[in-house]
Amino acid sequence: MQEMMEKRALELLADGTVNRVLGWSVGEFPYDMTPAVFRSAEDLKDRFVYNDFCGANLSKYLIKESKGEGKILVFLKPCDTYSFNQLIAEHRIKRENVYVIGIECYGKADVEKLKAMGLSGITGIQMKNGEYVVETVYGNKTVKASDATAERCLSCKSKKHVVFDELIGEDGDVVEDCNRFDMVEKLEAMTPDERFAFWRGELSRCIRCNACRNVCPACSCEQCVFDNPNSGVAQKAAVNSFEENMFHIIRAFHVAGRCTDCGECSRVCPQHIPLHLLNRKFIKDMNEFYGEYQAGADPDARPPLGTYTKGDREPNEGGNK
Amino acid sequence: MEETLIPYAGIVTKITGQTPDVKTFRVEAPEGGKLFEHKPGQCAMLSVPGVSEAMISITSSPTNKEYMEFSVKKCGCLSGWLHGMDEGQMITVRGPYGRPFPVDDELAGKNLVFVAGGIGLAPLRSVINYVRDNRDKYGRVDIIYGSRSKDDLVYYDEIVSEWMNTPDFHVHLTIDREQEGWDGHVGFVPNYIEEVGLNPINTCALMCGPPIMIKFSLPNLLKVGFDKTQIYTTMELRMKCGIGKCGRCNIGNKYVCKDGPVFRFDQLDELPGEY
Amino acid sequence: MPVTEYKPKIVAFCCNWCSYAGADGAGSARLSYPAEVKVIRVPCSCRVNPMFILRAFQRGADGVIIAGCHPGDCHYTSGNYFTRRRMTLLFSMLDYLGIERERTRVEWISAAEGAKFSKTMNEFCATVAALGENKRLEDLRCKK
Amino acid sequence: MKKLSLAKLYDFFAAIAAKEALYLPVNNEVGKAEYKRWSEGVELSHQLNTLRSAKDFFFPQTENLMEFKMEGKKIDIIDTREACDDFVIFGVRACDAASFDILDRVYLVDPVDSYYKNRREHGTVITHACGKPAETCFCGTFGIDAADPKGDITVWDVEDGYVFRANTEKGEKLMAATADLFEDTDDKAVKAEQDKVREILAKMPLADLTTEGVGAGLTKEVFDRPEWASLSESCLGCGTCTFVCPTCQCYDIRDFDTGHGIQRFRCWDSCMYSDFTKMSAGQPRPTQLERFRQRFMHKLVYFPDNNDGVFGCVGCGRCLSRCPISMNIVKVMKTLAKGGNK
């Protein structure tokens, strides 16, 4: 895969179709790739990498990059194309300045899962035949690749690219029975007390680092309300439970109907808070109340919060048990 | 010394409008007198709880034993609030912070040139009045001060009635554009520096004003013979703690609130160009 | 010792064109509603940002109610339709977080419905009083 | 050196907790270690390190400084500081223990930060030597020995128990108070454990990381390096690295209107945030490049400049595993070391 991507990127750079390539550059370890813009063939050959640990959604960088000089090549996984499409719909990306290569994806790996197995001192990971041979200073261990699949990929909603200029690999389909609302349903089935206890436990760990917001492709405001000194909520305090509740409820609300469920928020949370469960609740509610809607699937569709019907359900009716 | 970040409460006993957007606030302790002593060029953290806190230079001279004064230009959150309040209001003050102008060391016995633009005269006024009150310790004094218009010259009355009448004080005022009722010099401060005829020998220059003025004034001071070791300026950056800990005003290995705000230009050369 | 009755604090966001007048109507008809209800006038129920509701709870409210024009009667044509969707989602989210859903409410009250205004506020107050103090969306700093 | 048998570890915890608060790393609901207060039944985590650093104990994320009561034109200032009770932190790793020295160099130099000093004086630090370092560890780069951490007391895991060594008066006192739990021992078992760990450390991928190209006196050279542009390019400007960092010490001071007064508090802030240096008059660091550069310049050049060459990083590796885009100080250092004479 990496070879094919690199080859195609070199071709497009050489023939002048694009002048930059947005991809991933090598890390210190086999699993810590950094998104990077490559401007020359030498740079690509030197640093470009793609493997199972390249999980970052590159579409957010295009808000800035697509406004630069010339066309940029970007590699998007199926779920990333939804974010890209949504940003197109919101006029945040200049489509004509981006050349999208869709890349097939069968789920990304999460190094935290390997570490949770007790693997430490990782010096190399050989990936082949659905297995990872993890080399560590404490000895090697072979694990099934599926055991290291990132949580968000286990409930992948779509392997279909909703937008691309060309594809490398196969295009897939929307996954009908992705079970992504299982945990939301489980929570809904709990008593309010249990739900409260669950969320208090999770949200109380928040350190207000803003990683979830800054990585989120839907959080593309020029100035976030939480950064606006005149908003009255620009407090950086992580105290007293209220601040975290406020931040996460409002953040989820602000991206409701625009969140494509890419899962970046939960991936980047340094405190491992399952933030996607907040977004998925909104998605599930909107699906149930206002009809199936997938943000990013169709840039021309009316978002649920941007429209209404006369017979909408009443707020007091309630949704959970 | 221990620092608690806890301020004093002071009463604003007098508010004087200097220009359309600059007011001078006289602050006294509730029991009368000054809240604390300071040296020329030092700053204090002014605050209205619930509004904001900001570092403001103390514009009154330490020789003033009755009160402190702060001149504030209306441009932000706190300054806007201060401009809207009435006399008798309490505000909180903590300080003094920063290193002062070396009035008793390097500047003692020297001729002095003050170069200021707009509200930049505020920190220098503390030095100027200190010099006036210790007149025999310093030589000739030249003050080059410019502003956008006559109305934007701060302390205009004081300049005319007191500074201009101090022995061996030479005040050179200028405004950016021609204006009715103004028969003085018209032009920008940097150019005026070359015109007034300064003698750099045994002289130190103290400069404060908008970045653009500093940028063009420095080469002109050098052109008329000053060395960077003879020129001082005072800097401004966002500050929160005032004691070199919160990290905000860090430039290179210096903290503007603690190691500044007064810097000599040869010292600034050692810092990264980030201000 | 007399037991002081617990009085909840209620914030009512009322649309200028209907419910706010409805409150007036309740007054002129000498229909009472609890003094604990603090009315905040808004130009339209859809002016109410979810953040307003959260901040009301932060500042000590025990219940928040939004009163707007009946669907179809919005002074601005469609404002209350958007209110309906937003609040449906917000209330569902609060519920999802384990915050009592009876603490939040949306009612459609026209300018002519003084009686409904009074009845709604009395009922809502009683409901919230039964729940007791807001403990799940409180900000301890704001408690005395 | 004193030895505590495996079975007596929790007796030791109980003995301390009977007198003062004891905090130690505990696995939380998602299986990650974080510091929690010990009480009967709470188990010590066996993970290498906590998600958040230990700096919270002395420099909490949010703390109240004072309160104001405003009445008409009058302001009353209320000092809300309370006396701090003694407390013990158990299980601090060598890197975090070293970070306290770095924080001390900021907060305990004149003028002393009294809030910090108060807590520092009341806290006793029991460090725990690392047994199984991770690939993200590079404390050795900064001269920190994971096998011999500092702190008031140092604890090593040995085959059949724990070996304790008091390093300070505070530590001596604590051990004396629990003396009946301990037996005398020599340093043989500890030496063996240290040799083992040092051998592992030498094999780690970052064992050869050096501070070449950075350090005191290099402000101009490093500041003007062209590589900052590409290094900072994908930085999202979040505060994760600064908030998980044991040595990041910047803070903000803000006011909160409680409805019955104004609370002035301080909270962690991050030089990575766009509003960190923003003034009404302008923004000296307008893009992420300047902000990103500031963080690393501060740790790798400015801090050593002011502190006899001591770096503002302890190599705990938290930013390596927590950065959303895997950009970190190691990548910066390696890039700066490459072709440093450009």
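**Exercise 1. Describe how chain B is divided into domains, and characterise the contact between them.**

Chain B splits into domain 1 (8-97) and domain 2 (111-234); such bounds come from an automatic or database domain assignment. The model is predicted: local features need pLDDT of at least 70, side-chain atom pairs count only at pLDDT 80 or more, and totals for chains, interfaces and linings use all residues. Residues are numbered from 1 along each chain as its sequence is written, while chains are lettered from A and ligands numbered from 1 in the order in which they are written.

Step 1: distance. The centres of domain 1 and domain 2 of chain B, taken over C-alpha atoms, are 24 Å apart.

Step 2: contact. Domain 1 of chain B gives 15 residues and domain 2 of chain B gives 14. Two residues are in contact if their C-beta atoms, placed from the backbone, lie within 7 Å.

Step 3: elements. On the side of domain 1 of chain B that touches domain 2 of chain B, β2 (8-19) and β6 (68-73) of chain B each give two or more residues. Helices (H or I, at least four residues) and strands (E, at least two) are DSSP runs, numbered from the N terminus.

Step 4: classes. That side of domain 1 of chain B has 5 nonpolar, 9 polar and 1 charged residues. Ala, Val, Leu, Ile, Met, Phe, Trp, Tyr, Cys and Pro count as nonpolar, Asp, Glu, Lys and Arg as charged, and the others, Gly among them, as polar.

**Exercise 2. Trace the open sheet of 8 strands in chain D.**

Step 1: order. The strands run β3-β2-β6-β8-β9-β10-β1-β11 (chain D), with mixed pairing. Two strands pair if DSSP finds at least two bridges between them.

Step 2: edges. β3 (33-37) and β11 (183-184) of chain D each pair on one side only.

Step 3: one pair. β2 (residues 21-27) of chain D is antiparallel to β3(D), over 5 bridges. Val26(D) faces Glu34(D) in β3(D).

**Exercise 3. Identify what chain D brings to its contact with chain A.**

Step 1: count. 41 residues of chain D are in contact with 34 residues of chain A.

Step 2: elements. Several elements of chain D each supply at least two residues to this side, including α5 (188-203), β12 (251-257) and β13 (262-268).

Step 3: classes. The side of chain D that touches chain A holds 20 nonpolar, 8 polar and 13 charged residues.
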